[in-house]
Amino acid sequence: MSRAEVNAWFVREVLPLEAALQRYLRHSWRSESDVGDMCQDVFVRAIEAARKEIPHATKPFVFAIARNLLINRLHRKQIVSIEAVADLDSFAIAADEPLPDRSVMARQDWRKLQTALARLPERWRDAVVMRKVEGLSRKEIARRMGLAEATVAQHLASGIAALTDYFNDDREGGAP
Amino acid sequence: MSADDLRRVRNAREIQAEAASWIEVRDCEDWSCARQAELEAWLAQSPAHLVAFLRAEAVWQRADRLRALSPPGPMMVPPSGSASSKPTYLRVAAALVVMCFAGAASLALLQAPKDKTYSTAIGARQTLTLSDGSKIELNTNTSLRVAYKKGSRNIWLDRGEAFFDVKHDEARPFVVTMGNRRVIDLGTKFNIRRDDARIQVALLEGKARFDSAQNAKPSQQTILTPGDVITATGQAVSLKRKAAAELAGQLGWRTGMLVFEQATLADVAREYNRYNRTQLVIADPAAARLTISGTLPANDPGAFTRLATKFFNLTVKPREGEIVITR
């Protein structure tokens, strides 16, 4: 399996599961601050496994990885109650849930992006809007904002990272 | 949380910040092969790097759609009250973008462009290399005008089909106009086909903006990303995404081939007739509905008529200036 194929599969089929995956992890794990890290772990394991063979059914595959990860962590923390791990079946994970059609997805994306953008701190948001909507260079943004180029680069990078998190977080308003 | 867990969380955050920095730097004009090699080395270092990068890149690419300023998709009815709840800074940004382009257009009018016209005959193809290194490939029976000036590059596709490989220059927008519709390059390769009132733009690489009206309002602008095929007929505009292979098939003409995927014989005849003076006529409605898939040379209708006789048992009768196909 070529790396490019695996990466394309990951972007197409795994990344869209993030919001559901977060919900599952949050439901089963008490400490909110671990969820981002655990998601990252699940993704890393998924991509590593797919390099050997891309699974037929991505969703059950990804959630099985998440479940194993939860169990391992519980063992490591010496928490006895394995029931803490939400039952995959009771969590109702449909393996063959059809993806919404493209125009519907584009519209959903657009709304999610707007929401995510609105949650960014002002300076990051301004920098992101100037780059993405107005297509300005780093230099031009720096001139308009009256900041050093290096500072603009930082604002943009922070904006990109935060936008990524907010986009993949489907909770209303989101957690801090 | 244990110290181990703390370290892991911090690492995930740090990796994400690094990935975001890479994406930011890559957007810059001075992005070089050397930097690309550095990025690839960083990605190869750990799957965690790769995951963080792909994840941020996916969202950042989608963020291109923010330029649309209204939910994408044709026939959208805006939910009531959405206009007033839309963040002000976006509306301001929209106004800025529109003003810039409107400004450029009126300037072009004042300067009364001295355009150069390029045309191809039926069955011919021609490649133009322009002074800035951009290339335009003209397909059969195509006519376009080029006006290059200090601050603008304007092309009018008056007829036919052309493939554009544009050297992007922010200070000198590259704009292709077809009647009241326009494509504005944002760093791209794209194909435009114009058959009378029907215009189809397929984007292969990079990004471009499609305006479905003369002075397009933000809701009439669409940002195209790779794989997007936009078709404008009369008042209707539709956007579809196609796989890279399928798109490449549509561009078979660049090597003189016609690529058909489940095409009816009527469609095949119509395609052939763009390239040849001898016109194919499918005289039987039932025969016209038969479908074929395959790749055929554009300048050899014989390849098609042989197929028609062999696979469909159709009768081929050459006449003055046309080839008639019946059952």
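# A walk through chains A and B

Start by selecting chain A: of its 176 residues, 46% are buried. Keep in mind while you click around that this is a predicted model. Colour chain A by secondary structure and you'll get eight helices and zero strands. Read from the N terminus, the elements go α-α-α-α-α-α-α-α. If you switch on contacts in chain A between residues at least 6 apart in sequence, 66% of them join residues at least 24 apart.

**Stop 1: two helices of chain A**

Now select residues 122-132 of chain A, which is helix α6, together with residues 138-145, which is helix α7. How do their axes cross? They come within 10 Å and cross at roughly 135 degrees. Angles from 65 to 115 degrees count as roughly perpendicular and those over 145 as roughly antiparallel, so α6(A) is oblique to α7(A). The crossing of α6(A) past α7(A) is right-handed.

Show side chains next. On the α6(A) side, the contact uses A:Arg123, A:Asp126, A:Ala127, A:Met130 and A:Arg131. Facing them from α7(A) are A:Arg138, A:Ile141, A:Arg144 and A:Met145. Colour this set by residue type and you'll find five charged residues, four nonpolar and no polar ones in the contact of α6(A) with α7(A).

**Stop 2: where a helix of A meets a helix of B**

Stay in chain A for helix α8, residues 149-167, and add helix α3 of chain B, residues 47-62. Their axes come within 9 Å, crossing at roughly 90 degrees. That makes α8(A) roughly perpendicular to α3(B).

Which residues make this contact? From α8(A), pick A:Ile160, A:Leu163, A:Thr164, A:Asp165 and A:Phe167. From α3(B), pick B:Arg55, B:Ala56, B:Val59, B:Trp60 and B:Arg62. By type, the contact of α8(A) with α3(B) has six nonpolar residues, three charged and one polar.

**Stop 3: strand β10 of chain B and its partners**

Hide the helices and select residues 228-233 of chain B, strand β10. Is β10(B) mostly covered or mostly open? It is mostly covered, with five of its six residues buried.

Add residues 198-211 of chain B, strand β8. Strands β8(B) and β10(B) run antiparallel and are joined by five bridges. To spot one of the pairs, zoom in on B:Arg198, whose bridge partner in β10(B) is B:Thr233.

Then bring in strand β11, residues 236-241 of chain B. This pairing with β10(B) is antiparallel too, with six bridges. Look for B:Asp228, which stands opposite B:Arg241 in β11(B). Before moving on, check the turn: the hairpin of β10(B) and β11(B) has two residues between the strands, and B:Gly234 takes a positive phi near 55 degrees.

**Stop 4: a three-stranded sheet in chain B**

Last, select strands β13, β16 and β15 of chain B, which form an open sheet in that order with mixed pairing. β13 (279-282) and β15 (315-319) stand at the edges, each with a single partner strand, so one side of each has no neighbour in the sheet. Turn the sheet to look along it: the twist averages 20 degrees from one strand to the next.

For a closer look, take β13(B) with strand β16, residues 322-326 of chain B. How many bridges join them? Four, and the two strands run parallel. Finish on B:Ile282, which stands opposite B:Ile325 in β16(B).

Notes
Residues numbered from 1 in each chain as written. Chains lettered and ligands numbered in written order. Predicted model: local features only at pLDDT ≥ 70, side-chain atom pairs only at ≥ 80, totals over all residues. Heavy atoms only, no water. Axes fitted to C-alpha atoms, helices over the stretch in contact; angles between N-to-C directions. Parallel < 35°, antiparallel > 145°, perpendicular 65-115°, else oblique. Left-handed = near helix turned anticlockwise from the far one by under 90°. Contact = heavy atoms within 4.5 Å. Nonpolar A, V, L, I, M, F, W, Y, C, P; charged D, E, K, R; others polar. Buried < 20%, exposed > 50% of the residue type's maximum accessible area, 1.4 Å probe, protein only. Pairing = 2+ DSSP bridges.
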